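User: Could you take a close look at the empty space inside this protein and at the helix packing around it? I would like one connected account.

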Amino acid sequence: MPHSTAPTPAASATLRQDARTIGLIGLAHGSSHFFHMLLPPLFPFLIAEFGFSYSELGLLLSVFFVISGVGQALAGFVVDRLGARPVLFFALACFACAGLLAASASGYAGLVAAAALAGLGNAPFHPVDFTILNKRISPARLGHGFAVHGISGNLGWAAAPIFMAGIASASGSWRLACACGGLLALVVLAIMVLHRDALDDRQGSRTAQASAAAPAEHPLAFLKLPSVWLCFSFFFWSTCSLSAIQSFAGPALQNLYGIPLTTTALVVTGYMLCSAGGMVLGGFLVGRVQRLEKTISVCLLAAALLLALVGLQLLPGMAALAVAALSGVGVGIAGPSRDMLIKRAAPPGATGRVYGTVYSGLDLGFSLAAPVFGAMLDRGLNAGIFYGAAAALVLGVVSAGFVGIGVAARARPAAA
C-alpha cells in the first residue's frame, strides 16, 4: 500500500495558524519601519513652509531614535509582565496619534512632539514581535517567521517615501500626507484587533512549556549575561553600517564616480531589495545550520568586502553602484540567523527583556552613526563612507562570533 505524504489536518491547521500570525506580525513590523520615515520624505515641504534648516530637521530624527532606544529597553520588561498583545495595540495607537499630531503642527514644537510620540510607538515593536513569534510559531517555521519579519521592515522603509511624498506632491499638502499616515496606522490597528486571537502570547503549548521551564530569578538578572551585551554590540555595529548606506551612499557615489544623484539614489532601493531577497534565503538556511554565527560571519564578511571594493574605486561607476546594492544580499541572509542566535542566547522567560535591550542597539547605532558619517562626507572623505560601513560589519562579526561561542558552551553541559 503506498505511503501517503499528505499533511494531516492537525499539521495543516498549525500551518495556517503560523502563517496567520507571521503575516500579522509582518504587517505590524512594516508599519513601525514606515513610521521611521514619517517626516524625512516631507523635509523639503517643511523647509518651504517654515524655513527650517536640515540641522533642525535632523534633530527630529534624533528625538525619535533616542526615545525609541530608551523605550525599547524598558518595553521588554512591560511585555514580559503584561503580555505582548496589549503593548502592540498601544504602539499602533501612538503611531496614529503621531500622524494626526504632525498634521496639525503649527511649528517646530508640534513636529518635535509628533516625532517623540512616534518614537514612543516604535519602542516596543521588537520585544513585542519576537515574543509573539517565539511563543506562537512552530520551531520548524520560526526561521521563516524571522525572515518575513525582516523583509516587512525593509518594505516599510521602502513604502514610506513613496506614500508620504507622493500624497504631499499630488495634493500640495504635507499635512494631508501626515494625516493619511495616521489613518494608515488606525487601519493596521483595526486589523490587529480583529485578529487578536492569533497574537495572544499568553496562550498555547509553547508558552506553557516556556513558563514551566523558566526558573524564578530577578527581572534584571539577564543583564549579567555577556551574550546580551554582545548581541547589543552586534546590533550597534550592523546598524552603523546600514545608516552609512541609507543616508550617505548616494552622495558618496556621486562624488567618487561622477554619477548623477538621481541615479545614485537607486543604491538604497537596490540595497533594500537585495537585503529582502537575502532574508528569504536566510529563512531557509537558519533551520539547516547549527552554528549560526558561521552563517553570519561568512555573509557579513562578504558584504564588507563588496563595500570596501566600492571604496577602492576600481570599478566603473554603475558597476560600483550595483556592487554596493549587492552587498545587501549578505546582510539579508544573515538576518534570520541573527534573530535565532539572540533567541538561543536569551534565558527562559526573559524574551521581551532581552530583545528590548538588544534591539536598542539599533536605535543607538542610528543616533550616533549619522553625525559621524555626515562629518566624513562634509570633509570629502567619500571613500570612508564605504570603508566605515565595511569596518562596522567586521566588528559586528566579532560580536556575533563571541555570542555563538557562549551559546555553544552553554549547550554542551545541557547535552551532557
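Analyst: In this predicted model, the lining of the largest pocket divides by class into 29 nonpolar, 12 polar and 1 charged residues. That pocket holds about 1600 Å³ of space, and its lining counts 42 residues, among which Met37, Pro40, Leu61, Gln246 and Ser247 lie nearest the centre. Several helices take part: α2 (43–50), α3 (54–82), α7, α10 (226–257), α11 (261–264), α12 (266–285) and α15 (351–378) each contribute at least two residues to the lining of the largest pocket. Of these contributions, the largest share, 8 residues, belongs to α15.

Turning from the pocket to enclosed space, the structure contains 4 cavities of 30 Å³ or more. In the largest cavity there is about 330 Å³ of space, lined by 24 residues, with Asn154, Trp157, Leu242, Met279 and Arg338 lying nearest its centre. At least two residues of this lining come from each of α1 (9–36), α7, α10, α12, α14 (317–345) and α15. By class, the lining of the largest cavity consists of 12 nonpolar, 11 polar and 1 charged residues.

The second largest cavity encloses about 60 Å³, and its lining is made up of Phe35, His36, Leu38, Leu39, Pro40, Leu60, Leu61, Phe64, Ala115 and Ala118. Here α1, α3 and α5 (108–122) each supply at least two lining residues, with the largest share, 3 residues, coming from α3. In terms of class, 9 residues of the lining of the second largest cavity are nonpolar, 1 is polar and none is charged. Pro40 and Leu61, which appear in this list, are also among the residues nearest the centre of the largest pocket.

Helix α7 supplies lining residues to the largest pocket and to the largest cavity, and its packing can be followed through two partners. With α12, α7 packs at an angle of about 170°, the two axes being 8 Å apart, which makes α7 roughly antiparallel to α12. On the α7 side this contact is made by Gly143, His144, Ala147, Gly150, Ile151, Asn154 and Trp157, and on the α12 side by Met272, Ser275, Ala276, Met279, Val280, Gly283 and Phe284. By class, the contact of α7 with α12 comprises 8 nonpolar, 6 polar and no charged residues. Asn154, Trp157 and Met279, which take part in this contact, are also among the residues nearest the centre of the largest cavity.

The other partner is α8: α7 (residues 142–171) and α8 (residues 174–194) pack at an angle of about 140°, with axes 7 Å apart, and α7 is therefore oblique to α8. The crossing in which α7 passes α8 is right-handed. Phe163, Met164, Ile167, Ala168 and Ser171 of α7 meet Trp174, Leu176, Ala177, Cys178, Cys180 and Gly181 of α8, and the residues of this contact divide into 9 nonpolar, 2 polar and no charged.

Within that contact, isoleucine 167, a residue of helix α7, can be examined individually. Setting aside its neighbours within four places in sequence, isoleucine 167 is in contact with Ile162, Gly172, Ser173, Leu176, Ala177 and Cys180. For one of these partners a backbone separation is also available: the C-alpha atoms of isoleucine 167 and alanine 177 are 5.4 Å apart, although the two residues lie 10 residues apart along the chain.

How values were computed. Residues numbered from 1 in each chain as written. Predicted model: local features only at pLDDT ≥ 70, side-chain atom pairs only at ≥ 80, totals over all residues. Heavy atoms only, no water. Axes fitted to C-alpha atoms, helices over the stretch in contact; angles between N-to-C directions. Helix = DSSP H or I, 4+ residues; strand = E, 2+ residues; numbered from the N terminus. Parallel < 35°, antiparallel > 145°, perpendicular 65-115°, else oblique. Left-handed = near helix turned anticlockwise from the far one by under 90°. Contact = heavy atoms within 4.5 Å. Nonpolar A, V, L, I, M, F, W, Y, C, P; charged D, E, K, R; others polar. 1 Å grid on protein atoms, 1.4 Å probe; cavity = no way out; pocket = protein on both sides within 12 Å on 5 of 7 lines; lining within 4 Å. Points joined across faces, edges and corners; volume = space filled by probe spheres on them.
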